Amino acid sequence: MFGCLVAGRLVQTAAHQVAEDKFVFDLPDYENINHVVVFMLGTIPFPEGMGGSVYFSYPDSNGMPVWQLLGFVTNGKPSAIFKISGLKSGEGSQHPFGAMNIVRTASVAQIGISVELLDNLAQQTPVGNAAVSSVDSFTQFTQKMLDNFYNFASSFAISQAQMTPSPSEMFIPANVVLKWYENFQRRLAQNPLFWKT
């Protein structure tokens with residue numbers, strides 16, 4: 001019914017069914033995982049009015065499981081990407097896996113999927129930093145590059161009184177660089193692919 005994918009690893013499609021409505025995937029070497037993709041295989045849909053809440057569990061310093069709600073998958077949203085790298089030091093949340101006798105290993109985290117009513121899913125609040133940014137990596141790179149260039153160029157700013165005349169060098173006023181920076185940011189926000197035209 002479900003699949004789990006971690007970059008650089010084989011796709012997992014054999015979840016451990018720990019209850020009639022609960023499934024668990026093991027994530028060995030979880031300390032080196034940044035993102036997890038959870039998806040429906042497309043073979044068995046959720047029953048009408050149902051969906052699956054997705055949880056991440058890792059062992060705390062005492063070896064006890066800490067469960068955190070990541071989000072959900074449904075027939076209408078059959079896959080989701082979750083960032084788990086920042087969650088390993090967070091606090092746990094209320095979860096439906098507490099009374100289950102799930103086999104655990106110290107260096108293995110788990111992804112749990114609990115089949116629940118869609119109405120219940122809508123009322124749950126996932127951990128805030130589990131969602132993957134909706135800004136694509138190109139836009140993020142461009143923004144970071146702009147910030148870096150502006151900060152670098154600004155670090156060389158000097159006043160006109162500090163300038164030593166040198167006929168072989170050209171100087172660009174800092175306000176011109178700032179204006180370019182602001183215009184580029186505005187255009188990037190309006191259309192991240194404006195530079196292709």
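This section describes the fold, one open sheet, a loop residue and the largest pocket of a predicted model.

The protein chain comprises three helices and eight strands. Read from the N terminus, these elements follow the order β-β-β-β-β-β-β-β-α-α-α, with the strands preceding the helices. Of the 197 residues in the protein chain, 30% are classed as buried. Among contacts in the protein chain with a separation of 6 or more, 72% join residues that are 24 or more positions apart.

An open sheet is formed by three strands, arranged in the order 1-4-7 with antiparallel pairing. Its edges are occupied by strand 1 (2-5) and strand 7 (79-83), each of which pairs on one side only. From one strand to the next, the twist averages 20 degrees. Strand 4, which spans residues 35-40, is paired with strand 7 through five bridges in the antiparallel sense. Within this pairing, valine 38 has alanine 80 of strand 7 as its bridge partner.

Strand 4 is also one of the two elements that flank the loop containing aspartate 29, the other being strand 3 (22-28). Aspartate 29 has a relative accessibility of 38% and therefore counts as partly exposed, since the range for that class lies between under 20% for buried and over 50% for exposed. When residues up to four places away in sequence are not counted, aspartate 29 touches Arg9 and Ser107. A further long-range relation links aspartate 29 with alanine 109: the two residues are 80 residues apart along the chain, whereas their C-alpha atoms are separated by 7.8 Å.

The largest pocket encloses about 420 Å³ of space. Its lining consists of 14 residues, and those nearest the pocket centre are Phe156, Phe171, Ile172, Pro173 and Ala174. Two or more lining residues are contributed by each of helix 2 (137-154) and helix 3 (174-190). Helix 2 supplies the largest share of the lining, namely four residues. In composition, the lining of the largest pocket includes 13 nonpolar residues and one polar residue, while charged residues are absent.

Key
Residues numbered from 1 in each chain as written. Predicted model: local features only at pLDDT ≥ 70, side-chain atom pairs only at ≥ 80, totals over all residues. Heavy atoms only, no water. 1 Å grid on protein atoms, 1.4 Å probe; cavity = no way out; pocket = protein on both sides within 12 Å on 5 of 7 lines; lining within 4 Å. Points joined across faces, edges and corners; volume = space filled by probe spheres on them. Nonpolar A, V, L, I, M, F, W, Y, C, P; charged D, E, K, R; others polar. Pairing = 2+ DSSP bridges. Axes fitted to C-alpha atoms, helices over the stretch in contact; angles between N-to-C directions. Buried < 20%, exposed > 50% of the residue type's maximum accessible area, 1.4 Å probe, protein only. Contact = heavy atoms within 4.5 Å.
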